[in-house]
Each structure stands twice: as C-alpha cells, then as structure tokens.
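Trainee: I am new to this structure and would like to look closely at a single part of it. Could you take me through that part slowly, and then place it in the chain?

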Amino acid sequence: MVQRPRGTRDFGPTEMKRRLAFESLLEEQARRHGFSRVQTPIFESLDLFTAKSGPGVVSQLYAFQDKGERDLTLRPELTAPVMRMVAEELRNETKPLRLSYYGQCFRYEEFKKGRYREFYQYGVELIGATGPLVEAEVIALAINMLTEAGLKNWELRIGHVGVLKQVLTGIGLNGTSESGEPPLASAMRFLDKADFDGLKALFETQSISTDFVAPLKQLSELKGGQETIASARELLSTMDGVSLEALDDLESTINSIGQLAPSPPSLSVNLTVARGLDYYTGTVFEVHVPELGGEGQVLGGGSYKLLHLFGLADLDPCCGFGLGFDRVLLALEAQAAAEGRSEVVPGEDDETPLLAIIPFNIEVSEVLDLVRELRESGIRVEIELRSRKIGKAMGWADSIGASYALVVGPRDFEQGQATVKRLADGEQLPVALNTESILSAFNA
RNA sequence: GCUGUGGUGGUGUAGGGGUUAGCACGGCAGAUUGUGGUUCUGCCAGCCCGGGUUCAAUUCCCGGCCACGGCCCCA
C-alpha cells in the first residue's frame, strides 16, 4: 500500500465539515472587518523566501528545480507571497489594503503535535497604513476570530519591539555594524535569553555604563497585564535619553483594542518579546493555548517592514498576523473533548434537513424531477442508489443522518401520494408527491 | 539536531517461536420481497517493510518506514 507522505494528513468528510466551518467562521470575521480574501500560488521562486528570511531557510523548504531549471519552492508561509502580490499587482488599489488569505504551507522539518510538514495558515495583512490604530484593528480581528470560534482559556501576549530598541539606542548601542552582529541585536538576544552577564560584558566592550544593566533586567522581568506599561514608564523615565514613544504607542494600541473587541481571557504585556525576527518594527503579539503543550502558540503577528524588499518602502510598515489553523482546531478539539461537547466549531453541523428518497419497485426516472425540485428548494436530498430492499434502505437513510425518509412505491405513485417518515421518532406524515407538500411536512 | 515509546483486519484491541491468530465496532447478505435505529445467523477483512538467528519468526535481534510523546529550533 502506498502511504501518505510523512508529515501530511488526509481529511475525511467529518473532519472537512469542521474545517470548512472554521474557515468560513474566520472568513466571516475578516469580512466584517473589511478584509478581502486573496490567493497566491502554492509554489513560488525560491528567491522570495531567501530574500525575506535569509539563505538559511532553504534547508527547511520543499525546494526544487522545474524543467527549465528555475529554482522554486513550495511556500513555507504566506506573508511574503502576499507582499509579492501587492508589489506585483495591487499597486494601484486604494490604500490601505485589508487582505486575508488561507492555504497550505510546507516546511521540511520534523513534525510534532500541531506541527506538520503540510499545514494550513489563515492570516491577514493590513497594508498602507501604520500606527496604533492599525495595530489595534488587526489585533481586534484576531481576538474576535478566536472569540467567535469559541476558544477558551487563551492568552494574548503583547509587546512592542520599539520599546527595547529605543532604550538600547537611547543609551548608546549601535544598530549597525561593519562585521558580525550589531551590538543592538546582541543586546536584544542577551535580554531574550536572560543572560545579564553577557549583557554586562557587551556593555563593557561598547563603553556603555553597566549601571544600565539593572534597570534593563527589571524591565525584562516586568510581567502582568496592562498595568505593566505604567511600571515600565516609571522605570524608563529614570534613564536619560530614552524615548517613551513606543511605550505610548503600545498603550494607545491596547486602549483601542479594548474598545474594538471583547477582553481576551488573559492579556499579558511583555516588553522584551523579540519574536526572533528583525523585520518587526512595532507592536508584536502572540496567542498561546495551554492545551497544546510545547507547541502552544496558535497565532502570531505584528507590525513589520517587508515591502521595501519589493521596492515599496513607502508602504512599510504593515501589520498582520498568521493563525495556525491546525493548532487552533487541535485546541478547540481538546477543549470540546474536556467538556464532553460534540460540536467543536460553532456551526459545523449542517442543520439543513436531509431527505432520503427511497424509490421502491418503481422506475427511478419517476422521481428524478421531484429530486431536482427539492434540491432547488435548498434542502439536501439523497437517493437510494442500490435498489435495496426497503428495510436496508431505511437503515441506510438512518445511518447517513437523514432527518426524513420518503419511500415512493407503486401504490403511492399511482395515487400521487406518499408518506414522509420522520426518522427521529418514526412519525409518518402523509404528503402529496410534490415539493410543496413534502416541505410542509417537515414543519408539521 | 537529540531522545523515549509503540506498530496485529477499515477502526479499537487480545495473544504469542509451531495457533483454523481471538474479541468488539464496521461493511455486506439473510432471518424480514412496503418501513430503520433492538436481536439472531453468515460472510468480508489483519500480524508495517527488509535482513538476521532458528528445523520453524507475526512473535526474538538489527536496520528502515510509519505513528505518538519530550527537549532544541521555528520565517
């Protein structure tokens, strides 16, 4: 037997119902926030991703050459392709652009729970505007999506890369360097790893007062909700030459979010989040769910500069996020299971009545017009296709989850009548053999 | 990159160096040629792959593949 490639998954009918419901739920929220869906190719030029993330990413890509020896790769994420698309085709559109996207991405790496080689990402990008209100709009959308999905117990972690950058440049660290890692980046790395000895050593080589180490340590250890900002403001005001602009922006963003979306179950402010990436410029945020263990991050984003890579520096920075579709579903499934709920995603069960039509000892052609009309009316209709005995057919109707069964045999047919059987309680309802009569029986 | 555990019908499992490889769910058929979800009967369908040890391997050993975890990493 040929097996599915490692790290990939099949989705059967039951699972797909759930995934489609989740996707349209996300799409509906995006729509209400003014976002429009776009789609880009499954494979792109290799350069697109090496330009964004450096040559090191190639080892984690499904990269290949086509017959024209062009270097291509399956896309590992969707932000860069969307940026490429904006640069290539959406230059003339009215800004700001509010774009949403959904699709599979591919990374060649070991997979774990919630981590696959083929995975699905939903995301949005708001392009052509910058500032606290833009960030608030994007984060509010993320909150609304997770809230509507019924996710519980999640934590929004929010920070601002500018806070730390402004502090570090304010005390004299350089953001560029002739060779090797810039001192600014080293300092951020030390803070991220809580390596204060390393930070001290760095300050010494850069001729910066090591008096700054203590307040930086305090800053990086600030934890808590919105009140963290006030504590940080106090701390930073003791340091000469440090701008409070980023902190003010962050506060403004959080205030606006409070008006645009319900409060998340938990909000924590962390001023030293690095998100590992140097293209982030402003507010950064992540959502974590405890149910997922080590792979608990289900959403991440922020303000970033990427469009300058495509010659559109004037549109930087943008703000967006990517939502781990599979991970959120895993979390929802875990939570539903814990609560003994069968519905995982709101609306995943199709409430449209399903009618099983069982032609019995008649020519099927006698009922096909009726089938068409009933389908046109919007209900779901399945015909028994195997001409089985009536008992078996009834069992089939039951097991496909039909709410009603309509047996049409010679006797009914002669009289232009039949009975609709409500499968939940076995109640039989006499009907005429026409759409109107059958539909009205559903409401009886 | 490191590491732990495991792979028996479609699913969930029992067993175990020589077995007709057991059970449950499922699917199909019949009991029941105009009425299902209960019952009974029958049928369908399995030891992940390769090598080794052995008279004999699904069982023991090694490797691979796959699955599920824990670290590292994660654009």
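Mentor: What follows goes through helix 2 and the small sheet beside it in the text, and then turns to the whole chain.

This is a predicted model, in which local features need pLDDT of at least 70 and side-chain atom pairs count only at pLDDT 80 or more, while totals for chains, interfaces and linings use all residues. Residues are numbered from 1 along each chain as its sequence is written, and chains are lettered from A and ligands numbered from 1 in the order in which they are written.

Helix 2 covers residues 46-53; helices (H or I, at least four residues) and strands (E, at least two) are DSSP runs, numbered from the N terminus. Within helix 2, Leu48, Phe49 and Lys52 are buried, a residue being buried if 20 or more other C-beta atoms, placed from the backbone, lie within 10 Å of its own, exposed if 12 or fewer, and partly exposed in between. Seen down the axis of helix 2, its buried residues fall within an arc of 85°, so they line one face of the helix; the arc is that of the directions from the helix axis to the C-beta atoms. The cover over these buried residues includes strand 2, strand 4 and helix 3 (79-89), where contact means that the C-beta atoms of two residues, placed from the backbone, lie within 7 Å. Just after helix 2, Gly54 has a positive phi of about 90°.

Strand 2 and strand 4 also belong to an open sheet of three strands, in the order 2-4-3 and with antiparallel pairing; two strands pair if DSSP finds at least two bridges between them. Strand 2 (43-45) and strand 3 (63-65) are the edge strands, each pairing on one side only. From one strand to the next the twist averages 35°, with axes being lines fitted to C-alpha atoms, for helices over the stretch in contact, and angles running from 0 to 180 degrees between N-to-C directions. Strand 3 is joined by three bridges to strand 4 (residues 71-74), the two running antiparallel, and Phe64 has Leu72 in strand 4 as its bridge partner.

As for the whole, chain A comes to 15 helices and 16 strands, and of its 444 residues 35% count as buried. Its C-alpha trace spans about 100 × 55 × 45 Å along the principal axes. Of the contacts in chain A with a separation of 6 or more, 67% are between residues 24 or more positions apart.
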